[in-house]
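Me: I would like to go through the reasoning behind a few structural labels. Please set each one against its criterion.

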Amino acid sequence: MKHHPVVKSIIENSSKAHIQLSVEELIDVALQNNEGQLTDTGAFAADTGEFTGRSPKDKYVVMDDTTRDSVWWGEVNHPMEEKVFNNLYAKVLQHIKGKELFVRHAYACADPAYRTNIEVVTESAYQNIFANNLFLRPEKNELDVEDPEWLIIASPSFRANPEIDGTRQHNFTIINFTQKIILIGGSGYTGEIKKGIFTVLNYVLPHQKNVLSMHCSANIGAKNDTSVFFGLSGTGKTTLSADPKRKLIGDDEHGWANNTIFNFEGGCYAKCVDLTEEKEPQIWNAIKSGALVENVRFFPNTNQVNFEDISVTENTRVAYPIDYIDNIAIPSVGNSPENIFFLTADAFGVLPPVSKLSPGQAMYHFISGYTAKVAGTEAGITEPQATFSACFGKAFLPLHPARYAEMLGKKLNENPQVNVWLINTGWSGGAYGVGSRMKLSFTRAMITAALEGKLNNVEYIKHPIFGLSIPLTCPEVPSELLNPRNTWANGDEYDSKANHLANLFNKNFEQYADGCSQEILNAAPKATATA
């Protein structure tokens, strides 16, 4: 088996190195080491320790000649000097000497042209189960011929000293694009492993290989037509992309090359809070032998998971290989898309339930990455809360969001058959508290109509503020629902709320405007002067 040069030394200096164990073998070791327990369905349940989610403020990128002039430094990408990284890296290597370790080969990118080979070294067996389940799994005959390109070292027991080591606190995730290393310390949360590689691909593919990286799900229809779904949490991305008539390419991370859409991953990392078989049958049925559930709790005196118990965290998760789901595309690759859906749950009740976007509007809404959450429980908060995340994944963007948007615009110009739709799965007839949530059956009917070309030749009108093209008719959907202003009891109140939301969009976009083309800027909503 070929190893990363550093891993050879790590293996030699370990007390015991478990190399490329099967999931069954990893579970046996995890049980022996008291890392967790089996659930009644055979899945392995582990706690990730102090951290039950990512720690974005403790994520760093090494600033050197490779990254200095290309990375989008600031709120998302915190710079770390090369010498600071090297000192910390040496400390971690020293720390894991003499420990029992787990070594795994994996890769990312299902399109062979962009395959990225990875070697993962973890302190815990459960972390290695995660790496097996989430990344693509090489065949045995590939282990002797594929050289690892990227190295991930995850050491939860190492605690940095902020005063000496140049970190904010004792945990960290550091990406070194020159040495091709992801160094994780002080946190056992496995999502740092997954999103570390996603961040790498969000830099390497657009910056070096002319591939648009995307935080989205994707599926394929019977006619080999590919669709892509973008959306923040709560917008319905997982539910709406899980279509029994279409094969799933992947549910979270993809690349758009010249002629292909391809999955970065070999598995799924799904939320489990309030999970039921009725609501999410695919996820429910995937929690079986070989799956990894994290930070869950059990019904008393049983090993049956209580998915309503969020006493540890609301961010309970399950990691499983993608073939635990029925109806998947093998390999996880499709043609360039024919339809792209931006999903938003607009709790202001302003945006149309379905509208068509021009390339400029597509780039604008891609950068905006909008959804809205319902009003919170804090005293005095009665309005929905607007949420914006650039490119629907701001936390994982090493480049300026305009770089990804311009690539999207270029793809749309090169592929004029692509339709881009904005789908509002949120409120109609008023904001949250007055209006009602759009019925899932209507949303599915709108998406089906778009997929089947039934919205291609209908009449459209322009939204006066957002400029979106609204169809006047859609099969299986009452026409009176399509124009959101008509669903409100008071049109003036709708206009006021629409102007309010337009101003929120424009205020959010100020941080990106300097890096954007005029085509993108022209697609901004036009709030009236009286707003």
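Me: Which helix gives the largest share of the lining of the largest cavity?
Reply: Helix H6 (residues 191-209) does, with four residues. The model is a predicted one. The full lining consists of Arg54, Ser55, Pro56, Lys59, Thr173, Glu192, Lys195, Gly196, Thr199 and Phe396.

Me: What makes this space a cavity, and what is its volume?
Reply: A cavity is a set of points where a 1.4 Å probe fits but cannot get out. The largest cavity has a volume of about 70 Å³, and the structure holds six cavities of 30 Å³ or more.

Me: How many residues of its lining are nonpolar, polar and charged?
Reply: Two are nonpolar, four polar and four charged. Gly counts as polar in this scheme.

Me: Why is strand E9 called largely enclosed?
Reply: Buried means under 20% relative accessible area. Five of the five residues of E9 (residues 172-176) are buried, so the strand is largely enclosed by the rest of the structure. Phe172, Ile174 and Asn176 point one way and Thr173 and Ile175 the other way, all of them buried.

Me: How do you know that E9 pairs with strands E4 and E10?
Reply: Pairing needs at least two bridges. E4 (residues 59-63) and E9 run parallel and have three bridges, with lysine 59 opposite threonine 173. E9 and E10 (residues 181-185) run antiparallel and have five bridges, so the criterion of at least two is met. Asparagine 176 has isoleucine 181 as its bridge partner in E10.

Me: Why is helix H4 described as largely enclosed?
Reply: Ten of the ten residues of H4 (residues 125-134) are buried, so the rest of the structure largely encloses this helix. Among them are Tyr126, Phe130 and Leu134.

How values were computed
Residues are numbered from 1 along each chain as its sequence is written. This is a predicted model: local features need pLDDT of at least 70, side-chain atom pairs count only at pLDDT 80 or more; totals for chains, interfaces and linings use all residues. Side-chain values use heavy atoms; hydrogens and water are left out. Buried means under 20% relative accessible area, exposed over 50%, partly exposed in between (1.4 Å probe, protein chains only). Helices (H or I, at least four residues) and strands (E, at least two) are DSSP runs, numbered from the N terminus. On a 1 Å grid over the protein atoms alone, a cavity is a set of points where a 1.4 Å probe fits but cannot get out, and a pocket is an open set with protein on both sides within 12 Å along at least five of seven lines; lining residues have an atom within 4 Å of a point. Grid points are joined across faces, edges and corners, and a volume is the space filled by probe spheres set on the points.
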